[in-house]
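Please examine the sequence and the three-dimensional structure shown below. The report then describes them in words.

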Amino acid sequence: MFQALLPARCLPRLLPRPPAPPPRRGLWGPGPAGGGGLPLGRRVAVVGAVGAAAGAAWLYLREEKARRQRARRREELRALALGQGDFRLLDQAGRWRRKADFRGQWVLLYFGFTHCPDICPEELGKLSRAVALLEREPGLPPVQPLFITVDPERDDAAALGRYLQDFHPRLLGLTGSPEEVRAAGSAYRVYASAGPKDEDGDYIVDHTVLIYLLGPDGLFLDYYGRSKTDAQIAQSVRRHMETYEPLLD
C-alpha cells in the first residue's frame, strides 16, 4: 500500500539488489574483489622454475654459439695448416734441433734478431712472462718458449747464447744457414727483409712481429700481436689447452 503512494522514481530503490558475482581466481592470486589463489610458496616455485628454464636456454645458446665458432676456427686453421714440414737448426748450445723434437709440446714461438733495438726484447720479455704465468698453474702442461732468428749472418749460436740470458731460462734460440732459416720462417709465412747497411755495417731487419702458439701436433693454433699482454696470452693458451683437438688426423 505504501509503495503505491510513492513516486515511480523511488520504486527501484526499494527493490532487492541482485547478489554480487563470486570473486575471480587467477593463477597468481585473487582478483580485485578478493578471493584465493596459489599460495606464496607455490608462486615463488613457479617463478623460479620459469627463470631456471630461461637461464638454461640462454646458457645452451651461448655454448652452442661458442661451439660453432670453435668449429669454424678449426676449419680455417685446418685449411691454412701453417707449420707443416720440418726444420733442422742449431740451438744456442750448438746442438741440432728438429721440429719433430717439439712434437707433443705446446710452443710459444717468436721470430726476431739479436740486434733488434727495442721490439724484439719487448716481445721476448712478454713471451717469457706469459710462460712464467702458465708455469704457476698446477696441472697445465709445460710450454716451450722458442726463438728463431731472421738474421743468421750475425746471429750464430754464441750470439744467441749471450742474448737469451736476459729472458726465460728455458728459452731456446735457433739459427742456421740463411736457406735453413728462411725455410723455417716460410712454414709460418714470416716476412723478413734486411735493410741497407750503415757506415759501420750495421742494419735493421724488417720482419713479422707476432708470437705464434703451436699445438702438440706442431701446427699453428693462434697468434698474438704487440697489443696483447702477457696475461692475455697466458689466458688464451690456457683456453686452447682446454679445448684442444689435433688439426690433422
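The following paragraphs treat the chain as a whole, then its pocket and cavity, and then single residues.

**The chain as a whole**

This is a predicted model. The protein chain contains seven helices and nine strands. It has 249 residues, of which 35% count as buried. The surface that the protein chain exposes amounts to about 15400 Å², and 57% of this area is supplied by carbon and sulfur atoms. Among contacts between residues at least 6 apart in sequence, 67% join residues at least 24 apart.

The confidence of the prediction also deserves attention. The average pLDDT of the protein chain is 84, and 77% of the residues score at least 70. Over residues 1-6, however, pLDDT stays under 50. For these residues the model has two contacts beyond four places in sequence. Where pLDDT is low, the predicted coordinates should not be read in detail.

**A pocket and a cavity**

The second largest pocket holds about 350 Å³ of space. It is lined by 18 residues, and the closest to its centre are Val150, Pro152, Val181, Arg182 and Ala192. Two elements, helix 6 (178-186) and strand 6 (192-194), each give two or more residues to this lining. Helix 6 gives the most, with five residues.

The structure also holds one cavity of 30 Å³ or more. The space in the largest cavity is about 80 Å³. Its lining is formed by Phe87, Lys99, Phe102, Arg103, Gln105, Val107, Leu146, Tyr188, Leu214, Gly215 and Gly218. The table sets out the two linings by residue class.

| Space | Nonpolar | Polar | Charged |
|---|---|---|---|
| Second largest pocket | 11 residues | four residues | three residues |
| Largest cavity | six residues | three residues | two residues |

**Lys99, in the lining of the cavity**

Lys99 is one of the residues that line the largest cavity. Its place is in the loop between strand 2 (96-98) and strand 3 (106-112). Is Lys99 buried or exposed? Lys99 counts as buried because its relative accessibility is 10%, and the cut-off for buried is under 20%. Phe87, which also lines the largest cavity, is 12 residues away from Lys99 in sequence. In space, the two residues are 5.5 Å apart, taken from C-alpha to C-alpha.

**Ser128, in a helix**

Ser128 belongs to helix 4, which covers residues 119-135. Its relative accessibility is 9%, so Ser128 counts as buried. Which residues does Ser128 contact, leaving aside its neighbours within four places in sequence? Ser128 is in contact with Phe167 and His168.

**Arg189, in a loop**

Arg189 lies in the loop between helix 6 and strand 6. These are the elements that give two or more residues to the lining of the second largest pocket. With a relative accessibility of 58%, Arg189 counts as exposed, since the cut-off for exposed is over 50%. The backbone of Arg189 also merits a remark. Its phi is near 55 degrees, a positive value in a residue other than glycine. Most residues other than glycine have a negative phi.

**Summary**

In summary, Lys99 counts as buried at 10% relative accessibility, and Ser128 counts as buried at 9%. Arg189, at 58%, counts as exposed.

Methods:
Residues are numbered from 1 along each chain as its sequence is written. This is a predicted model: local features need pLDDT of at least 70, side-chain atom pairs count only at pLDDT 80 or more; totals for chains, interfaces and linings use all residues. Side-chain values use heavy atoms; hydrogens and water are left out. Helices (H or I, at least four residues) and strands (E, at least two) are DSSP runs, numbered from the N terminus. Buried means under 20% relative accessible area, exposed over 50%, partly exposed in between (1.4 Å probe, protein chains only). Contact means heavy atoms within 4.5 Å. Accessible areas come from the Shrake-Rupley method with a 1.4 Å probe; for residues, only the protein chains shown count as cover. pLDDT is the predictor's confidence in each residue, from 0 to 100. On a 1 Å grid over the protein atoms alone, a cavity is a set of points where a 1.4 Å probe fits but cannot get out, and a pocket is an open set with protein on both sides within 12 Å along at least five of seven lines; lining residues have an atom within 4 Å of a point. Grid points are joined across faces, edges and corners, and a volume is the space filled by probe spheres set on the points. Ala, Val, Leu, Ile, Met, Phe, Trp, Tyr, Cys and Pro count as nonpolar, Asp, Glu, Lys and Arg as charged, and the others, Gly among them, as polar.
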